[in-house]
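Student: Could we go through a structure together, asking how each label is earned?
Tutor: Gladly, let's have a look.

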Amino acid sequence: MVKEKHLFMQGMEVKELQSLIKKTVENLLKDFKKELGQPKTVDELLTPKETCSLLKIDSSTLWRWVRDGIIPQYGIKHQRYYKKNEVLNCLVPLNNPRTVNYEPFKNAA
């Protein structure tokens, strides 16, 4: 793309300039809309082992969470996969731990 440092408009009518600017802006907007409609990156697929490692859980916990509908899984033939973005979106903030009924020293006397 050649970038011009100077623009000479001798002999160009105002309507021609307006039309040129309008067409340029319309083309830029059309290209921008195309870019917005396309996903930037494909979600990374994880194997069960990678998913367990990411979440620091056992495979039986992963299986239970899948069974309970907490984490969605995908497959090709007999291989299972998990979308990293969906796995991370399953994480939710917990309530303040001080609100949990936890009395570790109750009846310890």
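What follows is a conversation about the terms used for this structure.

Tutor: Please keep in mind that this is a predicted model.

Student: What elements does the protein chain have, and in which order do they run?
Tutor: The protein chain has four helices and three strands. Starting at the N terminus, they run α-β-α-α-β-β-α.

Student: What makes a residue of α2 count as buried, and which residues are they?
Tutor: Buried means under 20% relative accessible area. P48, T51, C52 and L55 of α2 are buried, so each of them falls under that cut-off.

Student: How do you know that they lie on the same side of α2?
Tutor: They cover an arc of only 100° around the axis, which puts them on the same side of the helix. The general rule helps here: an α-helix has 3.6 residues a turn, so residues three or four places apart point the same way. On the face of α2 turned away from the buried side you find K49 and S53, which are exposed.

Student: What do the buried residues of α2 pack against?
Tutor: Their partners are β1, α3, β3 and α4, the last being residues 84–89. Just after α2, K56 has a positive phi of about 60°.

Student: Which residues of α3 are buried, and why are they said to line one face?
Tutor: In α3, residues 59–67, the buried ones are T61, L62 and V66. Seen down the axis of α3, they fall within an arc of 135°, so they line one face of the helix. That buried set packs against α2 (48–55) and β3 (79–83). Just after α3, G69 takes a positive phi of about 80°.

Student: Why is a group of residues called a nonpolar core here, and which residues make up the largest one?
Tutor: The members must be buried residues of listed types, among them Val, Leu, Ile, Tyr and Cys, joined through side-chain atoms within 4.5 Å. The largest such core has seven residues: C52, L55, L62, V66, I71, Y82 and V87. They are called a nonpolar core because they satisfy those conditions. Both α2 and α3 supply at least two residues of this core.

Student: What does V66 touch, leaving out residues up to four places away in sequence?
Tutor: V66 touches I71, Q73 and Y82. Each of these counts as a contact because heavy atoms lie within 4.5 Å.

Student: How do you know that β3 pairs with both β1 and β2?
Tutor: Two strands pair if there are at least two bridges between them. Two bridges join β1 to β3, and three bridges join β2 to β3, so both meet the cut-off. Each pair runs antiparallel. Between β1 and β3, L46 stands opposite Y82 and L45 stands opposite K83. Between β2 and β3, G75 stands opposite R80.

Student: What makes β1 and β2 edge strands?
Tutor: The three strands form an open sheet in the order β1-β3-β2. β1 (45–46) and β2 (74–76) each have a single partner strand, so one side of each is left without a neighbour in the sheet.

Student: How many residues lie between β2 and β3 in their hairpin?
Tutor: There are two, and K77 in the turn has a positive phi of about 55°.

Student: How much of the protein chain is buried?
Tutor: Buried residues make up 10% of its 109 residues.

Methods: Residues numbered from 1 in each chain as written. Predicted model: local features only at pLDDT ≥ 70, side-chain atom pairs only at ≥ 80, totals over all residues. Heavy atoms only, no water. Buried < 20%, exposed > 50% of the residue type's maximum accessible area, 1.4 Å probe, protein only. Arc of directions from axis to C-beta.
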